[in-house]
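Visitor: I would like a close look at a single part of this model, followed outwards into its surroundings. Please take the buried side chains as the starting point and connect them to the rest of the fold.

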Amino acid sequence: CIAVGSGAAGAINMWYDADIDAGMVRTQQRPIPQGRIASGNALGFGVTLAIAASALMGLAVNLTAAAVLAAAIVFYVFVYTIWLKRRTPHNIVIGGAAGAFPPMIGWVAVTGNITIEPLILFAIIFVWTPPHFWALALYRSEEYARVGVPMLPVVASLEETRRQIVIYSSILVPVTLLPTILGFAGFTYAFGAMVLGAMFLAGAVNVLTARDEASAQRLFAFSIIFLFSIFAMLMVDSWVAWIF
């Protein structure tokens with residue numbers, strides 16, 4: 001249901017952003033700009049998936065999880081895509097909340113409750129999102145400027161964006177350690193998080209000092225590996241605790 005809901009939000013996003021997608025090299029191969037899917041069909045497909053995913057979650061799992069899933073889709077479409085993306089350089093900072101919902105939805109699906117643990121998992125993704133996307137924006141800033149999307153490198157400067165990447169990366173490292181600090185993960189996770197955090201912060205500092213596209217591209221690529229690995233370490237940690 002989470003995967004289908006994410007696909008629904010993505011489809012609606014591509015329907016709304018078809019005009020700017022056509023003007024960016026990164027997105028111009030998407031189905032709507034290429035004419036492979038009609039705009040109206042994409043919207044209908046996305047809305048249908050959104051309703052179906054939320055309804056199935058409510059019927060098969062629980063209503064709380066369904067409500068959080070529906071809220072995530074609504075937030076992504078209306079708050080991020082329609083309201084923030086073309087209006088403010090804080091689009092990624094605030095809008096990143098939409099991408100941070102999935103672990104919370106999963107937690108609520110299993111437990112039926114929202115407690116401190118899923119909020120911490122939410123916070124990890126929320127703080128990770130700005131440096132992740134700003135690294136991309138650094139080497140795509142001309143494309144964003146051309147289509148009128150006010151990403152931070154466009155409205156501020158490349159240097160300020162690099163500085164903000166370091167700031168958010170510095171915040172991210174202690175946030176990833178909260179699962180151990182709060183007692184729902186052990187030292188296996190903490191060790192992995194510290195190693196990954198040090199690598200992420202080193203990449204961010206390299207972006208600031210190197211001032212080239214290659215360093216931003218490397219950080220963007222590693223940020224994807226980083227997030228996957230952080231959540232994988234939570235599972236490894238639980239396996240280690242179970243065995244020993």
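Guide: Threonine 81 has a relative accessibility of 1% and therefore counts as buried, the cut-off for that class being under 20%. The model is a predicted one, and within it threonine 81 is found in helix α4. The side chain of threonine 81 is joined to that of asparagine 13 by a polar contact of 2.9 Å. Leaving aside residues up to four places away in sequence, threonine 81 touches Asn13, Tyr16, Asp17 and Tyr76.

Asn13 leads on to helix α1, since Asn13 is listed among the buried residues of α1, together with Gly5, Ala8, Ala9, Gly10, Ala11 and Ile12. These buried residues of α1 pack against α3 (39-60) and α4 (63-84), and the polar contact between threonine 81 and asparagine 13 can be read alongside that packing. Helix α1 covers residues 2-16, and its 15 residues, at 1.5 Å a residue, should span 21 Å; the end C-alpha atoms are 21 Å apart, which agrees with that expectation. An α-helix has 3.6 residues a turn, so residues three or four places apart point the same way.

A second buried set belongs to helix α9 (residues 158-176), where 19 residues should span 27 Å and the end C-alpha atoms are indeed 27 Å apart. The buried residues of α9 are Thr161, Arg162, Gln164, Ile165, Val166, Ser169, Leu172, Val175 and Thr176, and what covers them includes α6 (116-139), α8 (152-155), α10 (178-181), α11 and α12. Leu158, which is one of the residues touched by serine 141, falls within the range 158-176 of α9. Serine 141 itself has its place in helix α7 (residues 141-147) and is buried, with a relative accessible area of 15%; its other contacts, again not counting residues up to four places away in sequence, are Pro153 and Val154.

Helices α11 and α12, named above as part of the cover of α9, are also linked through aromatic rings. The structure holds 10 aromatic pairs, and one of them is the tilted pair of phenylalanine 200 and phenylalanine 222, with 6.3 Å from centre to centre and 50° between the planes. Phenylalanine 200 lies in helix α11 (residues 187-210) and phenylalanine 222 in helix α12 (residues 213-243), so the pair ties together parts that are 22 residues apart in sequence. Phenylalanine 200 counts as buried at 1% relative accessibility, and phenylalanine 222 counts as buried at 17%. Elsewhere, Phe75, Phe101, Phe122 and Phe126 form one aromatic cluster.

As for the whole in which these parts sit, the protein has 12 helices and zero strands. Buried residues make up 45% of its 244 residues, and among contacts with a separation of 6 or more, 68% are between residues 24 or more positions apart. A compact globule of 244 residues would have a radius of gyration near 18 Å, and the protein has 19 Å, which agrees. Its C-alpha atoms fill a box of roughly 55 × 50 × 25 Å, taken along the principal axes. The protein exposes about 11600 Å², of which carbon and sulfur atoms supply 71%.

Methods:
Residues are numbered from 1 along each chain as its sequence is written. This is a predicted model: local features need pLDDT of at least 70, side-chain atom pairs count only at pLDDT 80 or more; totals for chains, interfaces and linings use all residues. Side-chain values use heavy atoms; hydrogens and water are left out. Rings of Phe, Tyr and Trp (its six-membered ring) pair if their centres lie within 6.5 Å; planes under 30 degrees apart count as stacked, over 60 as edge-to-face and the rest as tilted. Helices (H or I, at least four residues) and strands (E, at least two) are DSSP runs, numbered from the N terminus. Buried means under 20% relative accessible area, exposed over 50%, partly exposed in between (1.4 Å probe, protein chains only). The expected span of a helix is 1.5 Å times one less than its number of residues. Contact means heavy atoms within 4.5 Å. A polar contact is a pair of N or O atoms within 3.5 Å; within protein, one must be able to donate a hydrogen and the other to accept it, and residues adjacent in sequence count only if both atoms are side-chain atoms. The radius of gyration is taken over C-alpha atoms; the globule rule is 2.2 Å times the number of residues to the power 0.38. Accessible areas come from the Shrake-Rupley method with a 1.4 Å probe; for residues, only the protein chains shown count as cover.
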